[in-house]
Amino acid sequence: MGADSGPGIPAAVPWRKVLYERQPFPDNYVDSRFLEELRRNIRVRQYRYWSVVRETGLIAQQVSWVAIFLTLWYYMEQGALVPSAVLLVSMGCALLGYGLYEILGGAGVRERTRLADLQSAAIFLAFTFGFSPVLKTLTESVSTDTVYAMSAVMLLAHLVSFPYAQPSPPGSLSLNAALFGSVCLASRLPGALHTFTMLSCALLEFALWPCLLHRIREKAKWSFPWAAGLVCLGGVGGVGSLWPEGAVLLSMALLILTLLCPLLLVHLQRHKDNIHGPWDEAEIREDLSHFLN
């Protein structure tokens with residue numbers, strides 16, 4: 001920073017912060033008013049602890065859905081669950097969820113009719129059922145360890161790429177990763193009906209449930225923590241029925257995710273220090289769309 005006045009600089013000539021005018025000052029000269037425009041943390045968002053805890057419930061319930069899906073797959077792979085019974089329960093849950101989605105939607109203008117929704121569901125079920133024998137034999141030439149590894153990577157990619165800020169509809173990468181992992185696991189089940197049932201459950205959990213959850217967050221905010229909590233309890237209970245130590249680990253992970261991580265975020269906010277001033281890049285806030293016409 002240069003001085004306001006000095007040898008060789010006329011004191012009567014004020015310095016102006018302009019580029020189009022020749023002035024008797026060096027190019028890198030600034031006066032003492034330069035730091036008067038310094039601003040700190042002007043766009044920093046202050047978080048409240050319980051608000052962050054509420055938002056992390058979305059992540060916790062998505063992790064729990066993956067645990068529930070793996071539990072269902074294990075029981076079907078071991079023959080402890082009849083696929084027809086699981087399919088009937090899934091269809092009942094789908095109808096119940098669709099009815100709740102319609103009730104929460106209110107009397108607004110619908111983009112699709114109920115007949116169109118029914119046709120889409122029927123087409124999906126028909127194609128999935130018809131291709132179930134093909135999907136059943138899709139990974140016969142691949143070793144089981146490789147299939148399990150691919151499924152684990154795809155489900156992890158689903159959790160990482162899931163659009164938690166706006167989970168309706170799910171992102172293409174997240175949904176495709178979840179369905180690919182589901183196909184890999186379903187191909188190791190005993191029969192074609194098992195494969196069809198598992199893919200139907202995957203669509204219900206990874207594609208339809210996020211849309212309903214987003215509608216619940218918008219229209220019935222008070223019920224969102226209860227819905228997320230029930231899903232988390234279902235995930236912990238499912239893992240506990242197979243591996244009690246795993247249920248303890250999952251519970252600890254969910255508690256850390258929902259209670260400790262928000263506390264750490266709120267604590268680190270006080271150390272945030274962003275500075276803004278005349279050295280920042282210029283931001284054009286005027287609407288320039290009329291120049292494009």
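A salt bridge here is a side-chain nitrogen of Lys or Arg within 4 Å of a carboxyl oxygen of Asp or Glu. The model is predicted. A search of the whole structure finds two such bridges. One of them joins the side chains of R217 and E55, at 2.7 Å from N to O. R217 belongs to helix 6 and E55 to helix 1, so the pair ties together parts that lie 162 residues apart in sequence.

**Helix packing**

Three helix pairs are set out below.

| Pair | Axis distance | Angle |
|---|---|---|
| Helix 1 (residues 49-77) and helix 8 | within 9 Å | roughly 155° |
| Helix 1 and helix 6 (residues 192-219) | 11 Å | about 165° |
| Helix 7 (residues 224-242) and helix 8 | 6 Å | about 155° |

Take helix 1 and helix 6. Their axes are 11 Å apart and pack at about 165°. Helix 1 is therefore roughly antiparallel to helix 6. The crossing is right-handed. On the helix 1 side, the contact is made by E55, L58, Q61, Q62, W65, V66, I68, F69, L72, W73 and M76. Helix 6 contributes H194, T197, M198, A202, E205, F206, W209, L213 and R217. Both salt-bridge partners, R217 and E55, appear among these contact residues.

Helix 1 also packs with helix 8. These two helices are roughly antiparallel to each other, and their crossing is right-handed. From helix 1, the residues in contact are Y49, V52, V53, T56, I59, A60, V63, S64 and A67. They meet L250, L254, L257, T258, L259, P262, L263, L265 and V266 of helix 8.

Helix 7 is the other partner of helix 8 in the table. Its axis lies 6 Å from that of helix 8, at an angle of about 155°. That makes helix 7 roughly antiparallel to helix 8. C232, G235, V236, V239, G240 and L242 in helix 7 meet P244, G246, A247, L250, S251 and L254 in helix 8. L250 and L254 of helix 8 thus serve helix 7 and also meet helix 1.

**A nonpolar surface patch**

Which residues form a nonpolar patch on the surface? They are Y74, L242, W243, V248, L249 and M252, with about 580 Å² of accessible area together. Helix 8 (residues 244-269) gives the most to this patch, with three residues. L249 is one patch residue found in helix 8. L242, another patch member, is also among the helix 7 residues that meet helix 8.

**Around V183**

V183 sits in helix 5 (residues 172-186). Leaving out residues up to four places away in sequence, V183 touches L135, L138 and L199. V183 and L135 are 48 residues apart in sequence. In space, their C-alpha atoms are 7.0 Å apart.

Technical notes. Residues numbered from 1 in each chain as written. Predicted model: local features only at pLDDT ≥ 70, side-chain atom pairs only at ≥ 80, totals over all residues. Heavy atoms only, no water. Patch = residues over 30% accessible without salt bridge, like charges linked within 9 Å, V, L, I, M, F, W, Y side chains within 5 Å. Areas by Shrake-Rupley, 256 points an atom, 1.4 Å probe, with all protein chains shown as cover. Helix = DSSP H or I, 4+ residues; strand = E, 2+ residues; numbered from the N terminus. Axes fitted to C-alpha atoms, helices over the stretch in contact; angles between N-to-C directions. Parallel < 35°, antiparallel > 145°, perpendicular 65-115°, else oblique. Left-handed = near helix turned anticlockwise from the far one by under 90°. Contact = heavy atoms within 4.5 Å.
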